[in-house]
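Q: Got a minute to walk me through a structure? I'd like to start in the middle and work outwards.

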Amino acid sequence: MKSFNISIDHSCPQCGAPAVLEETDRLISCPYCRVNSFLIEDACFRYILPHKNKDINSSLYFPYWRFKGTLFSAYPDKTDYRFIDISHQGINSTILPVSLGFRSQALKLKFALPEYEGKFLKPDLSLDDILCITEKRFCAKGSDQPAIQSFIGETASIIYSPYYLKNNMLWDGVLDKPIGKVLPKDFDTNLFVTEKPEWTIKFIPAICPDCGWNLSGEKDSLVLLCKNCNSAWRANFKKLEKINFGYFPETGKDLLFLPFWQIKAAVSEIALDSYADLVKTANLPKVVQKSWKEISFKFWIPAFKLRAKHFIRLATQFTLVQPLDEITKKVPDAAMHPVTLPVKEAIESIKIVLADFIKPKKDYFPLLPDIKITPGNFYLLYIPFKKECFDLIQPKYKMAVNESALKTSENL
Ligand SMILES: [Zn+2]
Ligand SMILES: [Zn+2]
């Protein structure tokens, strides 16, 4: 499935200069006032498609859910994944198109803000309804059912498409043309449930709350770093929140630090508290040593979006290794890959990662649906990789990520 990022017309929250954002942008650097702002994610972003005719302001904004994410399905013999990028009408309607088609890719959107006049129709289908429809469409009928399924790294938003009434016809505001269909006699725009566009977009200055220094990061980074006081910050409840972080020291040239979430989590149904437990659960060819019972087990999940196959492989490899390297609690002085997968999404992937390494599958798989994951502490750790030809190699653990796989993950 071809993937894309939405472009959004906006203006600098400080000086009002025009800006175009991509939907994954979080750190916005204004070339005019030079102020860096951080866009705080709310429950879900709402956008509107522009009117072709700027003079129309009596709009009927019809909602579409927009969803992008990877559906993972764990089977005893394999983990399947499917990348999904869809739009689907938020209100069942036979008059209007079921999906947005290509219009959200071709046009620049705007944030739906209180300044827009018109009627915003309230979706009566929830995102879960849409995902149910989608999952059903993608699940092979009659074949084995997966033990568990999970969406990982998803983005959900609502895109409003404008329509208006003229000469007893419904006009598509994007094309400024009447829709081809005859309206039913009882068609009445007053019958739709509407909501007021009281949604706001919150930007906060990208300044370290501890020392006042400018925070740094890539434009799509969900975690910002302070190189002055060596702290890391993520948005949480509309504020910046300090998180634990560090890196594994490494010397040499051509290094790229990739971020990982190290997560302590309680797993029900299976004993998985220590390294000794892991050796047993993953059926590793090792003789358990007494001291391994004292080593606390943690999940290691990439903190960046990556194509499904590579994502699960890296998570499993690092989780099986349980690196115990010394951690430097500073911002590394080398290239760093941005955090693009929030810890919440990493936690959602834990069960799929677990399904990938537990052995023998016939013993453990029946337990999977009932297993509950209760996350505890987490740490953001930057792990050094060396650029070699087309790959990035982790020198100590000999793990590889294809560089082009990393580059093409921007649209996931
Ligand atoms: Zn500005
Ligand atoms: Zn600071």
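Q: Start with Ile 301. Which residues is Ile 301 in contact with, leaving aside its neighbours within four places in sequence?
A: First, a caution: this is a predicted model. Ile 301 is in contact with Phe 260, Trp 261 and Ile 263. It also touches Ala 315, Ala 346, Ser 349 and Val 353. Sequence neighbours within four places are left aside here.

Q: And what is Ile 301 part of?
A: The largest nonpolar core, which has 61 residues. Ile 301 is among those with the most contacts inside that core, along with Phe 260 and Trp 261.

Q: Which element gives the most to this core?
A: Helix H5 does, with seven residues.

Q: What about a second, separate core: how many residues are in it?
A: That one has 24 residues. It includes Ile 48, Leu 60, Ala 112 and Leu 121.

Q: Back to H5. How do the axes of H4 and H5 cross?
A: Helix H4 covers residues 308-321, and helix H5 covers 343-357. Their axes come within 10 Å and cross at roughly 70 degrees. Angles of 65 to 115 degrees count as roughly perpendicular. H4 and H5 are therefore roughly perpendicular to each other.

Q: Which residues meet there?
A: From H4, they are Ile 312, Ala 315, Thr 316, Thr 319 and Leu 320. From H5, they are Ser 349, Ile 352, Val 353, Asp 356 and Phe 357.

Q: And by class, what is in that contact of H4 with H5?
A: Six nonpolar residues, three polar and one charged.

Q: New topic: strands. Where do the side chains of S23 point?
A: They alternate along strand S23, residues 391-394. Leu 392 and Gln 394 point to one face and are buried. Asp 391 and Ile 393 point to the other face and are not buried.

Q: How many bridges does S23 make with S22?
A: Three, in the antiparallel sense; strand S22 is residues 373-388. In this pair, Lys 386 has Ile 393 of S23 as its bridge partner.

Q: What happens in the hairpin of S22 and S23?
A: There are two residues between the strands. Cys 389 takes a positive phi near 50 degrees.

Q: And S23 with S24: how many bridges?
A: Four, and the two strands run antiparallel. S24 is residues 399-402. Asp 391 has Asn 402 in S24 as its bridge partner. This hairpin has four residues between the strands, and Lys 398 takes a positive phi near 55 degrees.

Q: Now sheets. What is the order in the one with S3?
A: S3-S4-S14, an open sheet of three strands with antiparallel pairing.

Q: Why is one side of S3 and of S14 left without a neighbour in the sheet?
A: Strand S3 (27-29) and strand S14 (202-205) stand at the edges. Each has a single partner strand, so one side of each is left without a neighbour in the sheet.

Q: What joins S3 to S4?
A: Three bridges do; S4 is residues 36-40. Ser 29 stands opposite Asn 36 in S4.

Q: Last one: what about the sheet with S15?
A: It is an open sheet of three strands in the order S15-S16-S17, with antiparallel pairing. The edge strands are S15 (223-226) and S17 (239-243). The twist averages 35 degrees from one strand to the next. S15 and S16 (residues 231-236) pair over four bridges. Val 223 stands opposite Arg 234 in S16.

Methods:
Residues are numbered from 1 along each chain as its sequence is written. Chains are lettered from A and ligands numbered from 1 in the order in which they are written. This is a predicted model: local features need pLDDT of at least 70, side-chain atom pairs count only at pLDDT 80 or more; totals for chains, interfaces and linings use all residues. Two strands pair if DSSP finds at least two bridges between them. Axes are lines fitted to C-alpha atoms, for helices over the stretch in contact, and angles run from 0 to 180 degrees between N-to-C directions. Angles under 35 degrees count as roughly parallel, over 145 as roughly antiparallel, 65 to 115 as roughly perpendicular and the rest as oblique. Two residues are in contact if their C-beta atoms, placed from the backbone, lie within 7 Å. Ala, Val, Leu, Ile, Met, Phe, Trp, Tyr, Cys and Pro count as nonpolar, Asp, Glu, Lys and Arg as charged, and the others, Gly among them, as polar. A nonpolar core is a set of buried Ala, Val, Leu, Ile, Met, Phe, Trp, Tyr and Cys residues joined through C-beta atoms within 7 Å. A residue is buried if 20 or more other C-beta atoms lie within 10 Å of its own, exposed if 12 or fewer, and partly exposed in between; C-beta atoms are placed from the backbone.
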